Amino acid sequence: MSSKVDVVIVTKTVDEVLPETINGLKTYPFQKTIVIASKDSTKPDWCDILKIDKGKLGKARNTGIDFANSDYVCMVDADIVLTPGYVNDLLKYFQNSKVVAVGGKLKSSIRSLYALTKEQVFRGYCKVHSDLPCGGTVYRAETVKKERFNDNLSGGEDHELHTRLKKKKYRVIYAEKTSCFHYFKGDMKKEIFLCMFSGARTGLFSSLVRAAISPFRSLIYVLTCRDSVYSLFIPPFYVTQWIAHVIGAFFKEEEVRAKMRALG
């Protein structure tokens, strides 16, 4: 008998949810499909609940969790595509009562050098730090309802929650042998501006420290992901990200946001 699982999709608008993402929802008999949009949207036939929440990403995720009443919640971003057997495979780990979050490997649906390198950066990070991105992760509902995401975060809300959970001796598991698909959209220019924006928010000191250790950390990621030829591109990619963070720390958030809007 299938475990009861609700799925929560957080997106800007319902129209941004990819057709492949919607189709992927058929790979498991979810009890409810809950969509949290930050802009006014019309409820589609494929979802059970649509709620508009114009708060930050962490708050939107909490809103979705509040509507869930199953044993587990699967977070699916608008560009995540679940695969057959994915949810069932992750649910097996919850036999251990200390396990509160399990996610699989995010495989790139896009075959560009940028996307395939970013896939390896994500993979290396997850393996080395035993952490997960929120998209494609299944949570034990009772625990995540209690601990919650940080309402004030619009990025890194998953890492912040998982860090708190692990400090309380809960287990967060990266199940690399189980994978779903993710659209790693963008290019290196947009990546640099996104990192600059993050640097403008986090400040110079933190960015400088992480930039200083980025060459060493990127080499660890390469060794961890050495079965993929694309791991060789991790060092220049990862170091460039953190240099962009440092540069962004010299600008105001609105200045970087304006540059991002100019890129389209």
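How far is the sulfur of Cys134 from the closest cysteine sulfur, and in which residue does that sulfur sit? The close-ups below start there. This is a predicted model, where local features need pLDDT of at least 70, side-chain atom pairs count only at pLDDT 80 or more, and totals for chains, interfaces and linings use all residues. Residues are numbered from 1 along each chain as its sequence is written, and side-chain values use heavy atoms, with hydrogens and water left out.

**View 1. Cys134 and Cys195, two cysteines without a bond.** The closest cysteine sulfur to that of Cys134 belongs to Cys74, 9.3 Å off, too far for a bond. For Cys195 the closest one is in Cys126, at 16 Å, again too far. A disulfide here is a pair of cysteine sulfur atoms within 2.5 Å, and the count by this rule is 0. Cys134 is buried at 1% relative accessible area, and Cys195 counts as buried too, at 6%. (Buried means under 20% relative accessible area, exposed over 50%, partly exposed in between, with a 1.4 Å probe and protein chains only.)

**View 2. His162 in helix α6.** Helices (H or I, at least four residues) and strands (E, at least two) are DSSP runs, numbered from the N terminus. His162 is buried, with 0% relative accessible area. Its side chain reaches the backbone oxygen of Leu132 at 3.4 Å. Leaving aside residues up to four places away in sequence, His162 touches Asp131, Leu132, Tyr139 and Val172; contact means heavy atoms within 4.5 Å.

**View 3. Helix α2 (residues 57–67) and its cover.** Gly58, Ala60, Arg61, Asn62, Thr63, Gly64 and Ile65 are buried. Among the elements covering them are strands β1 (5–11), β2 (33–37), β3 (49–52) and β4 (72–75), plus helices α5 (141–147) and α6 (157–167).

**View 4. Helix α4 (residues 113–129) crossing helix α8 (residues 204–224).** The two pack at about 95 degrees, with axes 9 Å apart. Axes are lines fitted to C-alpha atoms, for helices over the stretch in contact, and angles run from 0 to 180 degrees between N-to-C directions. So α4 and α8 are roughly perpendicular, the label for 65 to 115 degrees; under 35 is roughly parallel, over 145 roughly antiparallel and the rest oblique. Val121, Gly124, Tyr125, Lys127, Val128 and His129 of α4 meet Arg217, Ile220, Tyr221 and Thr224 of α8.

**View 5. α8 alongside helix α9 (residues 234–248).** Here the angle is about 175 degrees and the axes are 8 Å apart, which means α8 runs roughly antiparallel to α9. Residues in the contact include Leu204, Leu208 and Tyr221 of α8, and Tyr238 and Trp242 of α9.

Conventions:
Polar contact = N/O pair within 3.5 Å; in protein donor to acceptor, adjacent residues only side chain to side chain.
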